Amino acid sequence: MHIIDLSMEDKKPIHEVAVLLMKGFTEAWNDMEEALLEVEESLQEDRISRIAVVEDGTVVGWIAGQSNYRGKAWELHPLVVEESYRGKGIGKALVDDFEAVVRARGGITIYLGSDDETNSTSLYGEDLYPNVLDKVMNMTNRNRHPFGFYKKLGFEVVGVLPDANGFGKPDIFMAKRVQIGKERGE
């Protein structure tokens, strides 16, 4: 498996990534046109778009992101791995690679949002108000929600947007520092 840049000239891999999105995020992209648009947007100059490919060139994973806060923070969005390749280290390899690219571009922090629209955490279906942060601190993983994967990679839950996807369907925000700032003297 190799991780390489995805580029506008890569028509077959772009199509394969769009198919991965449709299969991996059934709630987010409704048709191939929307998925292709998401992939094409990731190919802008100020973004990162990397694919994991196996020996025959088939795309088995994709990670993308964009710079915010004058390049100091990067949003990781999205990460998807072909179902039959999950649990084999490809997602971790893609995140590690993304972190290295962000560091090389001068980024300090990576952040992401991970929706719970499928009853995968203890926050799902709950009225998180009042005392939102108390509920977040006691959040548990019910059904392999991605926040567990990201926690293993050093990301921390930094907040939640209650009802982001409808009542009881929050967006869980996570972040990770990937570079020590020079202003800290290190």
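Two strands are said to pair if DSSP finds at least two bridges between them. In this predicted model, strand 1 and strand 2, the latter covering residues 47-53, satisfy that criterion with four bridges in the antiparallel sense. Within this pairing, His2 stands opposite Val53 of strand 2.

Helix 3, residues 90-104, packs on the sheet to which these strands belong. This helix touches strand 1, strand 2, strand 3 (59-68), strand 4 (73-81), strand 5 (109-115) and strand 7 (171-177), and its direction makes about 155 degrees with that of strand 4.

The sheet as a whole is open and has seven strands in the order 1-2-3-4-5-7-6, with mixed pairing. Its edges are formed by strand 1 (2-5) and strand 6 (156-161); because each has a single partner strand, one side of each is left without a neighbour in the sheet. On average, and with direction ignored, neighbouring strands of the sheet are turned by 25 degrees against each other.

Strand 4 deserves attention in its own right. Seven of its nine residues are buried, so strand 4 is largely enclosed by the rest of the structure. Strand 3 runs antiparallel to strand 4 and is joined to it by seven bridges, with Gly65 standing opposite Leu76 of strand 4. The two strands form a hairpin with four residues between them, and in the turn Tyr69 has a positive phi of about 50 degrees. The pairing of strand 4 with strand 5, by contrast in direction, is parallel and rests on three bridges. Here Glu75 stands opposite Tyr111 in strand 5.

Strand 4 also leads to the largest pocket, to whose lining it contributes the largest share, seven residues. About 1,600 Å³ of space lies in this pocket. Of the 43 residues that line the pocket, those closest to its centre are Phe25, Leu79, Ser114, Arg144 and Pro146. At least two lining residues are supplied by each of helix 1 (11-24), strand 4, helix 3, strand 5, helix 5 (146-152) and strand 7. By character, the lining divides into 17 nonpolar, 14 polar and twelve charged residues.

Ser114, one of the residues closest to the centre of the pocket, is found in strand 5. With a relative accessible area of 8%, Ser114 falls under the 20% limit and therefore counts as buried. Leaving aside neighbours within four places in sequence, Ser114 is in contact with His145, Pro146, Phe147, Pro170, Asp171 and Ile172. Among these partners, Pro146 is likewise one of the residues closest to the pocket centre.

A further buried position is found in a loop. Leu43 lies between helix 2 (32-41) and strand 2, and its relative accessible area of 18% is under 20%, so Leu43 is also classed as buried. What does Leu43 touch, leaving aside its neighbours within four places in sequence? Its contacts are Leu6, Ser7, Met8, Ile14 and Ser49. The C-alpha atom of Leu43 is separated by 13 Å from that of His77, the two residues being 34 apart along the chain.

Notes. Residues are numbered from 1 along each chain as its sequence is written. This is a predicted model: local features need pLDDT of at least 70, side-chain atom pairs count only at pLDDT 80 or more; totals for chains, interfaces and linings use all residues. Side-chain values use heavy atoms; hydrogens and water are left out. Axes are lines fitted to C-alpha atoms, for helices over the stretch in contact, and angles run from 0 to 180 degrees between N-to-C directions. Contact means heavy atoms within 4.5 Å. On a 1 Å grid over the protein atoms alone, a cavity is a set of points where a 1.4 Å probe fits but cannot get out, and a pocket is an open set with protein on both sides within 12 Å along at least five of seven lines; lining residues have an atom within 4 Å of a point. Grid points are joined across faces, edges and corners, and a volume is the space filled by probe spheres set on the points. Ala, Val, Leu, Ile, Met, Phe, Trp, Tyr, Cys and Pro count as nonpolar, Asp, Glu, Lys and Arg as charged, and the others, Gly among them, as polar. Buried means under 20% relative accessible area, exposed over 50%, partly exposed in between (1.4 Å probe, protein chains only).
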